[in-house]
Structures are given as C-alpha cells and as structure tokens.
Amino acid sequence: MPLLTLGLVGMVTAPVSNMARADPSAVRMQADAPTQTAQEPAPSAAPAPEAQAPAPASEAEPKVMRVTLEEAIARALKANPQVAQAKGSVTNAEAAELSAVGAYIPSLSASASGSLASTERIEPVTGAVVSGSNDTYSAGLAASWNVFTGGQRSATRKQTRAQSGAAQAQLTAQRAAAVLAVERAFYEVLRAMGLEEVANARIERARQNEGAAERRLAVGSATRSDLLRAQLDHTTAKEALRTAETQRTSAALALGRLVGEDGPVEASPDANITPKPLTLTDAALISELEANAPDVLAAASTLGASQAGVSVAKATYLPTVRLSAGYDWFNQDPSFNGGRTSWSVRLGVSYPIFDGFLREERVQRARTQEVVSQAQLADTRRAVRSGAGQALAQLRLAEDRITFSVQSVEVAREDLKVQQERYRLGATTILELLTSQESLVQAEINLVSSRFDYRIARAELEALAGRPL
C-alpha cells in the first residue's frame, strides 16, 4: 500500500512539475481552475496578437454620403439627362427665335477675288498669242432685303415665340419630374430607416420575451411551447430587420443614381415630418393647375405654334418682293488706286404659279397639326385635373391614416404593457402576449408608411404644379 500510494502521488505531481518548468503561469491557472463553477465555463484563451491587429485601411467599409433633401434635389437637377435635354431645347428655341427676328434685317455679304495669268497667252476669240499682264483683282459688297413675304416673317416669329414658350414649359415640367423622382427615392430611404427602427424595437421585445419564457420554463410555470413561440418570434423579428436593411440599400442606390453618385447615398432625416396644410382650397388648387400647370402651358404653346404654322404655310400663296443692291470694284493691279467700279440696284417680284401642289400639302399638314394640338391641349387639361384630384385624395387619405396610426400605436403600446404584466404574473399565455406585440409592430409600420405616403402624395401634387405648395 505505501508503494501504491507513492506511485499515484508521483503520477499526479509529475505533470504539474513539468508544467511549472515549461510555463509558471500554467501552474497559477491550474490552481485557480477549481474556483470556477460547473455552470460557468472557464474563459477562453486570449487571442493571438495577430488576431487583435486592426483591419487594413483598404478593408474598411467605405463612407456613405449623406445628403439633405435640398442637396439631393440640387445635385439631381445637374445630373438628370432629361433636364439637360430640356435645357438644350430651350437654347435651340431661343436661337430659332433670334433667327426669326433676323429675317427683318437686310442681309449683307462681301466678296473678294484675284487671278494671275502668264504674260504670253492665247486669245480665246482670235487664237493669237498676245503679250501683257492679265492679272485681275476684284471686290464687291452686296445687300438684299425681303420687302414683302406675304406675312411669312411675322408668322414665323410668332411660331418661334410659341415654340420657345413650349420649351420653357417643358423644362419646368421636366425639372418637376426630376424633383419628384428624387423625393420618392429620398422618402423611400427614410421609410426603410423607420422600418429598421421598428424591427430593432421588435427584436429587443422578442429577446425579452424569450428570456421571460426561459425563466418561467425553469421554474415550471410555462411549457416548452412558450419558449419555442418566443424563439420563433425572435427569428421573425430578425428577418424583418434584414428585409428593412435590404430595402434601405436598394433605396440608397436608387437615390445615388439620381444625384449622380456611383454608390449608395443616405438621406438625412427631416426633423419636421408633420403634415402641412395647403395654401389653397381643393377647388382653387385644381382650377389653378388646370390653367397654369407646366404641362398645360406647354400644350397651349404647342397649339400656338401649330396655328402660326398654318399662317406660315398660307404665306406661300402670296408673292415675294425682294430688294437687292451691290457695289463692285475691278483692277488689274493689286492696288486700290485706279480700277473700275460698278453698282446695281434691283427690285424683284417672284410668285410660284404652280409647284406641284406642294403649297397645298404644307397647308394641309399644318392644319392637321393644329387639330392634333387642340386635342392634346384638351386632353392635357383633363389629365391634370384628374391627376390633381387623385393626388388630393391620396393626400387626405394619408393625413387620416397618420391620425389613425398614431392612435393605434398608443393603444397597442398600452395593451402590450398590460399583456407583459399579465404574462409576468402568469395570468395569460405567450400567444396572447405575442399577438399584442404583433399588433404594436403593425401599428408602428402603418405609422411609418402613412407618414411617407403623405410626403410622396404631396410631392406628386407639387410636381403637377411645377412649384412647392
């Protein structure tokens, strides 16, 4: 027995002595190990120094740009290709209008020429060889002016003015459409951010419910089903958060494209999200839009241009009177001294008696365009009136939904407090608690959605008006 005891002692002490020789700290860890309970595992070993090293700068997440609504609109108006095209149309229309004014001003042109020939040459008439210089130098100045064009100039000027007005109205409408697209993307980012907040709050409540179910299961006042339902609700909350994060990323990428960025752009939350009353009544607003909306103004200007086009086409039935004058100078020496001069003045009348029915075709095309423009103007006014009525209806509905959603959130929060206390006391089941919690989540989601539905409906109404309301 003494020998057996000494052998066992040697087997125990040998590893300890070897550890002490290898690493003195291991002995201390071995001595401290018995103080830990069975339910509390020993802390894991410290990570290696290379595991604690910070990530390289190249692997750090890129900083995402954040813009306000005003900044997003300003950047989008510069980057929008439709707005740039509309600006080009305005520039072209202004150039055409300037050209129409220039038709009233006489045209002026200057010319100069010189020719050199050999001293001996063949006379083209007699065929004889003659000697002498045949150098010639000439210059001239000519002017012409259309005295009468059958009213074509005035009709063309009226047409170009109308086309310029249509281009300006189209630019206003295109800017309004670009602003609406930015506002939609901006509010979709904020909507996703609001849904993320709702999902995070839901996750926190689900975590608390899961903990409460575990504690009640440990003391025997709950079943395994309660814990499983709480865990399922926790998983569902995480899925909702992931969905909201995906929506936010998609909306941020869409906003980035509109403002001219290659990556996502975040939206800065607006502190004031309460509905604002309109400055006009619904009837007055619809009447104003029907008369002064950019689309209506563009259609009206297009109709004016079509009517002027009819006058331009009819002007070809009248004669054209043109006055022209010229002054020419000729000399055989490269000098202004000497030489010969001449001048001329002409007054001519031209009238195409028959041109193969081209005039009739032009007039008919112009009249057809006038009829089409009249129909487009009437349809545009109806479309604006209908769109304004729909936008106002959506705006009023969103206002009511905000009020209802606020009330629903307050009621759902109070109900959840009651259910949480009842569940803590064992007076209700986990199913009733989760049902109450789901009602609160849905009410919060409805509140977030209704707020931004209101902002989008108002943005659509302002896009019809082409200005803030």
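1. Let me start with helices α5 and α10 in this predicted model. Their axes lie 9 Å apart and pack at an angle of about 170°, and α5 and α10 are therefore roughly antiparallel to each other. The cut-off behind that label is an angle over 145°. Sorted by class, the residues in the contact of α5 with α10 come to 17 nonpolar, four polar and twelve charged. If you want to find the two helices in the viewer, α5 covers residues 152-219 and α10 covers residues 430-465.

2. A nice place to look at how these two helices meet is Asn209, which sits in α5. With a relative accessible area of 5%, Asn209 is buried, since the limit for that label is under 20%. Once neighbours within four places in sequence are set aside, Asn209 is in contact with Ala230, Leu433, Leu434 and Gln437. It may be worth putting Asn209 and these four partners on screen together.

3. Next, the aromatic rings. How many aromatic pairs does the structure hold? There are three of them. In one, the ring centres of Tyr187 and Phe452 are 6.3 Å apart and the planes stand at 35°, so this pair is tilted. Tyr187 belongs to α5 and Phe452 to α10, and with 265 residues separating them the pair links distant parts of the chain. Both Tyr187 and Phe452 are buried. Ring pairs also bring in Phe186, which forms a cluster with Tyr187 and Phe452.

4. Another aromatic pair is made by Phe354 and Phe357, and its geometry is edge-to-face. The ring centres are 5.2 Å apart, with 90° between the planes. Are these rings' residues buried or exposed? Phe354 is exposed, at a relative accessible area of 60%, and Phe357 is exposed too, at 54%. For both, the threshold that matters is over 50%. That sets up a contrast with the tilted pair, where Tyr187 and Phe452 are buried.

5. Helix α5 also packs against α8, which runs over residues 294-314. The angle here is about 165° and the axes are 8 Å apart, which makes α5 roughly antiparallel to α8. The crossing of α5 and α8 is left-handed. By class, this contact has eleven nonpolar, twelve polar and two charged residues. For a side-by-side reading, recall that the contact of α5 with α10 has 17 nonpolar, four polar and twelve charged residues.

6. Helix α10 has a further partner in α9, residues 358-425. The two axes come within 7 Å and cross at roughly 160°, so α9 and α10 are roughly antiparallel to each other. In handedness, the crossing of α9 past α10 is left-handed. The residues of this contact divide by class into 21 nonpolar, eleven polar and ten charged.

7. One residue of α10 deserves a short remark of its own: Glu438. At 35% relative accessibility, Glu438 counts as partly exposed, because the value falls between the 20% and 50% limits. What separates Glu438 from Ala412 in sequence and in space? The two are 26 residues apart along the chain, and their C-alpha atoms are 9.1 Å apart.

8. Away from the helices, have a look at Arg346 in strand β8, which spans residues 340-350. Its relative accessibility is 60%, so Arg346 counts as exposed. Which residues does Arg346 touch, leaving aside its neighbours within four places in sequence? They are Arg322, Leu323 and Ser324. For Ser324, the C-alpha to C-alpha distance to Arg346 is 5.1 Å, across a sequence gap of 22 residues.

9. Finally, the chain as a whole. Its secondary structure comes to ten helices and eight strands. Of the 469 residues in the chain, 31% are buried. Among contacts with a separation of 6 or more, residues 24 or more positions apart account for 77%. The pair of Tyr187 and Phe452, 265 residues apart, is one link between distant parts of the chain that you can inspect directly.

Note on methods:
Residues are numbered from 1 along each chain as its sequence is written. This is a predicted model: local features need pLDDT of at least 70, side-chain atom pairs count only at pLDDT 80 or more; totals for chains, interfaces and linings use all residues. Side-chain values use heavy atoms; hydrogens and water are left out. Helices (H or I, at least four residues) and strands (E, at least two) are DSSP runs, numbered from the N terminus. Buried means under 20% relative accessible area, exposed over 50%, partly exposed in between (1.4 Å probe, protein chains only). Contact means heavy atoms within 4.5 Å. Axes are lines fitted to C-alpha atoms, for helices over the stretch in contact, and angles run from 0 to 180 degrees between N-to-C directions. Angles under 35 degrees count as roughly parallel, over 145 as roughly antiparallel, 65 to 115 as roughly perpendicular and the rest as oblique. A crossing is left-handed if the near helix is turned anticlockwise from the far one by less than a right angle, and right-handed if clockwise. Ala, Val, Leu, Ile, Met, Phe, Trp, Tyr, Cys and Pro count as nonpolar, Asp, Glu, Lys and Arg as charged, and the others, Gly among them, as polar. Rings of Phe, Tyr and Trp (its six-membered ring) pair if their centres lie within 6.5 Å; planes under 30 degrees apart count as stacked, over 60 as edge-to-face and the rest as tilted.
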